[in-house]
Amino acid sequence: MIEAVKEFLRPETVLVGQGIQSDVDWLKLEEGVDFARMFDLATMFKTFNPRFGNHSFFSLSHEANTLLQPGMIEDCHDPAIDAQASIQLFKRYATDQAALERAKQRLLATRPKPSFAKRSGYQHEGVCMAAFMPRMCICDAPSKRS
């Protein structure tokens, strides 16, 4: 499967995605070899949250459902819809700083729907979904929370 993905890539390819580094690592892609650069939407929409005194990161579903179309991304993971939403968000906000700042404020002001992981108690069918919630972890894997 990794080779099938690599067939679509060129050294000049720009990858766009939400938290894309984990995908690049999983696929064992090399910057400068398999692609030119990557653009992480999570970083683009990262916003200082004065209410909590820290930076907020948003999920792709929250970004798409708030900024593009309500209900665009639901619980069922669909890579094609995720890709479409990612490209639409990139095209709309990557080069317009004023629009991006308004979008960040809208994301902060809109309460996200609780994630499937949270609604499931951070586990589903024995699978731990607590990578960012160490106190709920049932598998003792290292936390991804920074």
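Helices H4 and H5 are oblique to each other, and they make a good starting point for a tour of this predicted model. Select residues 60-67 for H4 and residues 79-93 for H5, and look at the place where their axes come within 10 Å and cross at roughly 60°. The crossing in which H4 passes H5 is left-handed.

Keep both helices selected and show their side chains. On the H4 side the contact involves Leu60, Glu63, Ala64 and Leu67, which meet Asp82, Ala85, Ser86, Leu89, Arg92 and Tyr93 of H5. Taken together, the residues of this contact divide into six nonpolar, one polar and three charged.

**The whole chain**

Now clear the selection and display the protein chain as a cartoon, in which seven helices and six strands can be traced. Following the chain from the N terminus, the elements come in the order α-β-α-β-α-β-β-α-α-α-α-β-β. Along the principal axes, the C-alpha atoms fill a box of roughly 40 × 40 × 30 Å. If you colour the chain by accessibility, 29% of its 146 residues count as buried. Of the contacts between residues at least 6 apart in sequence, 42% join residues that are at least 24 apart.

**Lys104**

Select Lys104 next, which lies in helix H6, residues 97-109. Is this lysine buried or exposed? Lys104 has a relative accessible area of 11%, and because the cut-off for buried is under 20%, it counts as buried. To see what surrounds Lys104, add Met44, Phe45, Lys46 and Thr47, the residues that it touches when those up to four places away in sequence are not counted.

**Two residues with positive phi**

Most residues other than glycine have a negative phi, and the next two stops depart from that pattern. Go to Lys28, in the loop between helix H2 (20-27) and strand E2 (37-40). Lys28 is not a glycine, yet its phi is positive, at about 55°. With a relative accessible area of 61%, Lys28 is exposed.

Then move to Glu125, which sits in the loop between strand E5 (123-124) and strand E6 (127-128). Glu125 also is not a glycine, and its phi is positive, at about 50°. The relative accessibility of Glu125 is 73%, so this residue counts as exposed.

**The cysteines**

For the last stop, select Cys128, Cys137 and Cys139 and show their sulfur atoms. Why is no disulfide drawn between Cys128 and Cys139? The closest cysteine sulfur to that of Cys128 is the one in Cys139, at 3.7 Å, which is too far for a bond because a disulfide requires two cysteine sulfur atoms within 2.5 Å. Cys137 likewise has its closest cysteine sulfur in Cys139, here at 3.6 Å, and this too is too far for a bond. By this rule, the count of disulfides comes to zero.

Before leaving these side chains, switch to a surface display and compare how far they are open to the outside. Cys128 has a relative accessibility of 22% and therefore counts as partly exposed, and Cys137, at 22% relative accessibility, counts as partly exposed as well.

Key:
Residues are numbered from 1 along each chain as its sequence is written. This is a predicted model: local features need pLDDT of at least 70, side-chain atom pairs count only at pLDDT 80 or more; totals for chains, interfaces and linings use all residues. Side-chain values use heavy atoms; hydrogens and water are left out. Buried means under 20% relative accessible area, exposed over 50%, partly exposed in between (1.4 Å probe, protein chains only). Axes are lines fitted to C-alpha atoms, for helices over the stretch in contact, and angles run from 0 to 180 degrees between N-to-C directions. Helices (H or I, at least four residues) and strands (E, at least two) are DSSP runs, numbered from the N terminus. Angles under 35 degrees count as roughly parallel, over 145 as roughly antiparallel, 65 to 115 as roughly perpendicular and the rest as oblique. A crossing is left-handed if the near helix is turned anticlockwise from the far one by less than a right angle, and right-handed if clockwise. Contact means heavy atoms within 4.5 Å. Ala, Val, Leu, Ile, Met, Phe, Trp, Tyr, Cys and Pro count as nonpolar, Asp, Glu, Lys and Arg as charged, and the others, Gly among them, as polar.
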